[in-house]
Structure formats: C-alpha cells, structure tokens
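This report is for a reader who meets the structure here for the opening time. It should be read alongside the view below.

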Amino acid sequence: MAVKIVTDTLSDITEDLAKELGVTVVPLYVRFGEEIYRDRVEITSEEFYRRLVSESSLPSTTQPTPNDFYQVYETLAKETDEILVIVVSSKLSGTYQSATQAKEMMEGKCRIEVVDSLSVAMGMGLIVIAATDAVKAGANLDEATQLVRRAISRSHLTAYFDTLKYLAKGGRIGKASGLLGSLLSVKPILTVKEGEMAPLTRVRSVSAGIDYLCNYAAEFSNIEGMAVEHATTPDDADQLVERLGAIYPKERIYRAVISPVVGTYSGPNAMALTILEGEKK
Amino acid sequence: MSQVKSVAGQDLRDMFSAAASWLEKSSADIDALNVFPVPDGDTGTNMMLTMRSTMDEAYRAPDHSAAGIAHAMARGALMGARGNSGVILSQIWRGLAQGLEDKEDFTAADLAAAFQKAAQIAYKGVSRPVEGTMLTVMKDAASATQAEVDAGNEDVISVLEATVNAAAESVANTPMLLKVLKDAGVVDAGGQGVYTILEGALRYLRGETELMRLRKPQIIVSELPHVATQPQSIAIDEVPYGYCTEFLLKGEKLDPEVIKKKLLRKGESLIVVGDDSAVRIHIHTLTPGNILQFAAKLGTMHQVSVRNMDEQHQDFLEMQKERMPATDTAVIAVAAGDGLSDVFGSLGAAAVVPGGQTMNPSTKDILQVVESTFSDKIIILPNNKNIIATANQVQSLTQKKIAVVPTRTIPQGVVALLAFDYEAEFNDNAEIMEKALSSVKTIEVTRSVRATKINGLKIKRKQPIGLLDGELIAVADTNIEVISQLLTRLDIGKAEVVTIYCGEDTEAAEAEQISTSITERYPQLQSELIRGGQPHYSYIISVE
C-alpha cells in the first residue's frame, strides 16, 4: 500500500494542489479575540488579511491538537499502513509535538514517521511535493523519509517583509531581532536557518526586494523546484515570477498565497521565494 | 517672560508629579543603560516605582506648604524605595525636605540650598560613595544651582534651567569617571534618572505639559563613540555576587548610623537610610540570613526582598548572548551629528566614530574603536572622501581583519550598511557593500565660506551651494532652490526613495517644506525626513 503524506497548513499547499498530490493538510488555528478559525478552512486568506490590517488587536495562532492529527491518522490507516507526516519547524510552532503525540495515541496501529521540516511556508511545501513525487515513483516509508530528511538542507526560503512588526509581536523574530529598531524605513529580507528566522539583508523598496530575490535565485545552478508566494500583493509576485522566468521555467514555478497562520507573522505585503536545490549527482 | 520669584508648595508637588510621569516614559530606556555588575538590575523601573510612592504620599500631605509636601515626599520615597537607585533617590528627597524645613513656599535661593542639602544627604546614605553615579549628578546639579543664585539670578525657572543643564553635562561626563560605563559605552542610568526628574520639573514650570504628553525624555549620549546595538564583550567574572537583600525596618528609636556601622563589613553596596521609626536597608551579601536575623532584633521587617544576583547575572549573560548578532563581522561607521550616529547605530553599526567634513578623525581614533569593538573582522565605512585614506591605514596597525568600503558620503555609507549580508563571508560582504554604492546619489547642501568662481558658477560668500556626489554644481539664494536645481540634474524617474537628513542648524519648517515639495513634484517617490544633526551641511539627501 502506498505511503500517505500528511502536512499542516503552514506548508501553503492549496486545497487544489493537495487534492492533486493526494496530501492531507491539517489546519492550525488562528484567533481574533474570542473567535477561533481553522486555518484556510474556516477563514480565507483574503478575509484574514483584511482583518489583520483593520483590527486593532493582532491575531494569535495555535497548533493543531493531537486529536486533530489522530483523526487524520485513523482515517488514513483504513487505506494504508504507512504515513509520513511533514510539519512546520518545531522552533516556530508546537505542531510537531501534536503530530508526535497523536502517533503515540495510535499505538502502532500504523507505521508513522513525523519529520520536522525545519522550515515553513513553501520552504516546507516544496519538500512535501518532492515526497509525493517519490511515493508516486514507488518509494516506501523509509525511503521517502530519508528523501525528506535530505531535502531539508536543500530547501532555501527567502522572504521580503514590509515590516517586522508582526514577526516581533508574535514572538517569532528569532535571530532577525537585530534588524528591529531602524530609524529609516527599511524592508528586511529574511531566511529560515536551522528552523528559525534569520536576517539576510535590508532593502528600501519592493522593487529592490524583487531585485534581491532574483539575484539570490540566480546564484543557484541546480534548481529542482521553485515557489513564489505573496500575502496581499499578487501583482508584485507576478512581476517576480516574470523575472525569475529568465532562470527557471516560469510555468514550473509554484504559486501560493501565504496562509493566515503564517500571515499572522509575515504581515501584509510580504513575499517569499523558495528554491529547492537539486541533489548533487 | 515674567520672572517667577517664588513657588508655592502645591506647585512643588505638581512639578515633581509631572517629573514622575516624565521619568516613567523613559524608564525602559534607562533600564537599558544598566551595566552589570553595577548593582540594581533595572534602575529606570526602580526609580519610577520609587517616584510613584513618593508622589502618592505627596498627595496625602497634611498641608500645602512646601515643607509639608517635601516631608511627605521624603516619607513616601523611604517607604517605597526600590533598589539601590531608589534608596539614593529617597535620600535626595529627604535632603530636599530638610532644606525646605518651615518653608510655606520657596525662592530660587531656597531651592539652591535644598538641592545642596539633598546632595549632601544622598552621599551620607551610601557607605562608599562612587563618583560617576547619580550622586555626582545631584552634586553637580546642586552646585550649578547655587552658582546661578550667587550670581544674582532670582528667577526660579532660569535658575532651574542652569540646574538641568549642569545635570545633563554631568550625566554625559559619567563615563569619564566610571570605567564600567566607559567600557559599555553608556552613561550612568541613575544619573540619567536624576536628570530626567529635574528636567521634567523644569518643563512643568515652563508650562510645557502638552509637549510632555507627546514627547519622551532623551537619553543623554556621552562624547564616546556611540555603541548602539552590539553588547560589549562579556567578561565571565568568577567572583560570586551573592544576594541582593533589601527591606524596610520599622521600630522605635532606630539609629541608622549605628545600624550602618554594624552592617558595614557584612557585604557590598551597603545603604542604610531613614529615621528613628523606619529605616531602609540595601546590601549585597553572601549571608542574607545573618542580616535578617540582626534586623529582626531591632524591629519588624517589611517589603523583604532577597534576590540571587548570580542567577540574575546568569540571566543577564543569556540575554546578552541572545542579542548577539547572527554574524561575526562588525561594521564601524564615521559620522558627525547625533542623529546620523543614531541612524547608523539603528541599522546595526557596532560603533560610530565621530567625525566628518572639517573634523576628520585620526587613524588612531578609528583604531581605538576598532580595538574596542568585540569582533575580529571589521568593515569600516569612512563616509567622507578625506577619511578613506585614514581608514586604510588601520589595517597595518591591528591584528584584526579590516576591510574599508570606500564610502564618500553619508548616503553611500547608509546604502552600504543596508546591503550588509548576514550570511556572506567577510570579503564577499565588503564587495557586496561596495557594489551597492552605485545605487545611490548624494546631494549635499552647505554654505560657501568665501566668494569664488567654480564650474562656471559665480558664488557669493555664505550663499547656499549644492553638491551632487561631491561635485559643486548648484548655487542659489535659498536651500530650496539649490535642492530643486540639483534634483533636475538627476534621472529621478528611476528613483524610489529620497531620504533627507537635516543638519544641526536646519529649520524644521524649511525641511518640512522641502520634503513636501519633493513629494508633490515626484509623487512616485517615497520621501523620508530624518534629523541628522550634522554640522556644516544643512541638508544631506540620499536618492535611491
């Protein structure tokens, strides 16, 4: 029986793509005051970003419960005996714990591997996609797990932020805290390093940000996968994709919208580029 | 302005009440000045809480005389004093109360005498007074007040202005007196607190309450290179700090002097202050039990606090580690003007060497900063064409690895610093930063020092002149015209961000006008107005 793959909504894998890939996506929760929504299930990205900028108090987020994962495992266990779970960096969310606890609740009814992606958004999404490709090609759980572990260090997420306000308030700033407190208005460019946010550089405008991301991508000679995502600025993201077309076939670039839970920290106007480097032959 | 010759008791209360709120606004900034192992982990917060208790009691004063209010304040301060700085502050109020004894209201001369007394009593409370702390600041402020009164000034407000100015100078001088402050590149936190309180009182008397609501106190920056974001190197000190032990002792016929003598050898940083019915004790000791046992025999203990300072120190070290930059390369910039210095600091420069046009720093000045910066790999941004050669000399004088990015102007320095890549290797980074220089154009506006003819321009003495990337190409009768001429010389259609740094003597209204006119003329530009505080140049403008 083929391995089933599970991830969380922070992978930014859209519903359509999930269906196509046969991946189950477990939602995190986003909370505005007393109201709790399941990420991308009960609140759309559009609705979310509208409220993010208009409401006075910032939203907060919560990991899925162990039971959320348990339900998914139970359902999948009817069709398979091997499940590979790829979750968001354990340094950014407690999702890994819930997924692991749920595995213990299964008491060996099914073989389950939970892997900490040490990344977020499409930085994790491209790893999930690579895993589904391997499973389709016949990989078993051990082989797919090995592949995912190797892919982690080849996945490079670079993000343009309009502001670090949301990341700082949400307590996810990590090593990028040194970029706070600038007297000039600057736009930080961050990456994910060893599972947490880390600074790369700063620019002063969106177009300089797009330039930086393009130059960043041009440094790679062996690109296996690429993804571009935005929070609220699809036009800027389109422009970025257009430019990236010079180094990588445009039609193969995955497009996504930054999910509400990630958006809680990225804030509006953020954009991210992920490059999955090819394995050295 | 009419002179204020006498101030009523009620105003005494209100001015320090306003001062307390003023202090409250900067308590976090003052906390940030703390230098371990100087006792007192959070000076700003401690002083603020002490001031709250002080003023709460002031509102409960039995009458509205200056003496009554001052006594209530002293009482409130003693009861609510927190930490080393709070206890010393309570002594200041106690001295003030003694100085204002029997006064219904007070004159400038009364205030001078009361400040003198306050300084005197503050020194007395501390077993081993240290210079370069709030004690020094209070003393200097008091002497300046006395000097002003002796010079015949009777106006309370202008006398207090002299007090506040002297306090500011004294705060700026604290790093010269106390090495730990110098090493850390900060001024004394307690001294800053005293200054802020005096400044708040002055602002109240001047009727600036509206402004106090909107603004926030300034932290004084000393003459030392401004070390903005990087923590000083962490010395692991093996000597244990022990326990910071603090409490209020209530009883009858207590004698602070006798208690002080008894405790003198029991620990460090001893402070014993109070009267015969209440004494506040603060000591750092390895055996807090003995202290408490001793005190229990004399009366009842209140607000007892015993904190493990080694643990605090450990937390402090952890915190410093977390604040460590993600890279081992440090950037040092040369800049003149407090505003520019802050800009570089806020963008991550480890240190700023003061200097610029007509005040070029020496190689030694730069070398000193290089050596005191805790990284071994340093990139220098000279930010002036006459300083590049000086900066290049540094490499031959140090063991550290040095790269000089030849920035010729402040805007070039800023874009270079912004382009700093946290993941890049040292040499690559210098290259990346240098590459970024071409993305900016620099406009500088100054005044001609003499009449001359250059580049086909006829220039009169003191006429505003404009430079584009170092070349003099515009002259006009106003700064606005000069800037307008220069902008037309640029390919501004491609520009996105304009940053205007105003000089130390630039009029705010004119700067606003220039900023607005640029946004009106070029709506696609994002324009930012920053106080650079640089000498000589009324404007430095960066076009990116």
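The text below covers a chain contact, a helix pair and a single helix.

This is a predicted model in which local features need pLDDT of at least 70 and side-chain atom pairs count only at pLDDT 80 or more, while totals for chains, interfaces and linings use all residues. Residues are numbered from 1 along each chain as its sequence is written, and chains are lettered from A and ligands numbered from 1 in the order in which they are written.

Chain B brings 20 residues to its contact with chain A, which brings 16 residues (residues are in contact if their C-beta atoms, placed from the backbone, lie within 7 Å). The elements of chain B that give two or more residues to this side are tabulated here (helices, H or I with at least four residues, and strands, E with at least two, are DSSP runs numbered from the N terminus).

| Element of chain B | Residues |
|---|---|
| helix H14 | 338-346 |
| helix H17 | 410-419 |
| strand E16 | 497-503 |
| strand E17 | 526-534 |

H14(B) gives the most, with three residues.

Helix H5 (residues 108-125) of chain B has 18 residues, which at 1.5 Å a residue should span 26 Å (1.5 Å times one less than the number of residues), and its end C-alpha atoms are 26 Å apart, which agrees. Among the buried residues of H5(B) are Leu111(B), Phe115(B), Lys117(B) and Ile121(B) (buried: 20 or more other C-beta atoms within 10 Å of the residue's own, C-beta atoms being placed from the backbone). The buried residues of H5(B) pack against helices H4, H6 and H7 and strands E2 and E4 of chain B.

Helix H2 (residues 43-58) and helix H3 (residues 66-80) of chain B pack at about 140°, with their axes 7 Å apart (axes are lines fitted to C-alpha atoms over the stretch in contact, and angles run from 0 to 180 degrees between N-to-C directions).

Conventions: Two residues are in contact if their C-beta atoms, placed from the backbone, lie within 7 Å. A residue is buried if 20 or more other C-beta atoms lie within 10 Å of its own, exposed if 12 or fewer, and partly exposed in between; C-beta atoms are placed from the backbone.
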